[in-house]
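Please look over the sequence and the model shown here, and follow the description below from one contact to the next.

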Amino acid sequence: MIVDNLKDGGLAQLGERLNGIQKVEGSTPLPSTIFFVYVLQSLSTGKFYIGQCDHLIERFREHQAGYTTSTRGRGPWWVPYFEWYPTRSAAMRRERQLKRLKSHTRIRSLISTLYPNVDLR
């Protein structure tokens with residue numbers, strides 16, 4: 001169950017997913033700073049939050065701890081989806097594009113298309 005995963009290593013699981021974003025021999029090197037666009041889903045309400053940042057795990061912790069007014073009191077949260085970009089401006093463009101979807105159905109469709117086994121509430 002997702003709640004159990006969140007309690008029992010959910011943050012570690014997110015770290016494992018992020019560890020896949022690393023230099024592979026013979027690949028194009030990643031920029032020194034990576035910017036993320038992410039989708040959070042509240043485990044209590046099922047609602048989504050879309051944001052961007054330069055350190056996804058740290059930002060996730062801030063959301064969980066209630067440091068962000070827009071997500072305070074609606075958690076706990078989990079990260080069903082994220083993308084990375086080499087510049088903040090590219091991440092901000094994508095964040096605006098996702099926020100324009102305005103529909104939880106379209107956000108669910110985006111996530112389900114890429115990750116068909118993700119259990120969205």
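Glu95 has a relative accessible area of 13% and is therefore buried, the limit for that term being under 20%. In this predicted model, the side chain of Glu95 is joined to Lys99 by a salt bridge in which the closest N and O atoms are 3.1 Å apart. Both residues belong to helix H3, where they are four residues apart, or about one turn of the helix. An α-helix has 3.6 residues a turn, so residues three or four places apart point the same way. The two partners are nevertheless not alike in their surroundings, because Lys99, with a relative accessible area of 38%, is partly exposed, whereas Glu95 is buried.

The helix that holds this pair, H3 (88–99), has 12 residues and reaches 16 Å from its first C-alpha to its last, which is close to the 16 Å expected at 1.5 Å a residue. Its buried residues are Ala90, Ala91, Arg94, Glu95 and Leu98. These residues lie on the same side of H3, because the arc they cover around the axis is only 140°. What do the buried residues of H3 pack against? Their packing partners are S1, S2, S3 and H4.

Arg94, one of the buried residues of H3, leads the reader out of the helix and into a strand. Its side chain meets that of Glu83 in a salt bridge, with an N to O distance of 2.8 Å. Since Arg94 lies in helix H3 and Glu83 in strand S3, the pair ties together parts that are 11 residues apart in sequence. Are the two partners buried or exposed? Arg94 counts as buried because its relative accessibility is 17%, and Glu83 counts as buried because its relative accessibility is 12%. The side chains of Glu83 and Arg94 also make a polar contact, at 2.8 Å. When neighbours within four places in sequence are left aside, Glu83 is in contact with Phe35, Phe36 and Val37 as well as with Arg94.

Side chains of opposite charge can pair when their charged atoms come close. The count of salt bridges in the model comes to four, and among them is one between Arg88 and Asp54, whose closest N and O atoms are 3.8 Å apart. Arg88 lies in helix H3, while Asp54 lies in the loop between S2 and helix H2 (56–65), so this pair ties together parts that are 34 residues apart in sequence. Arg88 counts as partly exposed because its relative accessibility is 33%, and Asp54 likewise counts as partly exposed, at 40%.

The remaining element to follow is helix H4, which runs over residues 104–114 and in which Ile107, Leu110 and Ile111 are buried. They lie on the same side of H4, because they cover an arc of only 90° around the axis. The buried residues of H4 pack against strand S1 (35–42), strand S2 (48–53), strand S3 (77–85) and helix H3, and the buried residues of H3 in turn have H4 among their own packing partners. At the start of H4, a side-chain oxygen of Ser103 reaches to within 3.2 Å of the backbone nitrogen of Thr105.

How values were computed. Residues are numbered from 1 along each chain as its sequence is written. This is a predicted model: local features need pLDDT of at least 70, side-chain atom pairs count only at pLDDT 80 or more; totals for chains, interfaces and linings use all residues. Side-chain values use heavy atoms; hydrogens and water are left out. Buried means under 20% relative accessible area, exposed over 50%, partly exposed in between (1.4 Å probe, protein chains only). Helices (H or I, at least four residues) and strands (E, at least two) are DSSP runs, numbered from the N terminus. The arc is that of the directions from the helix axis to the C-beta atoms. Contact means heavy atoms within 4.5 Å. A polar contact is a pair of N or O atoms within 3.5 Å; within protein, one must be able to donate a hydrogen and the other to accept it, and residues adjacent in sequence count only if both atoms are side-chain atoms. The expected span of a helix is 1.5 Å times one less than its number of residues.
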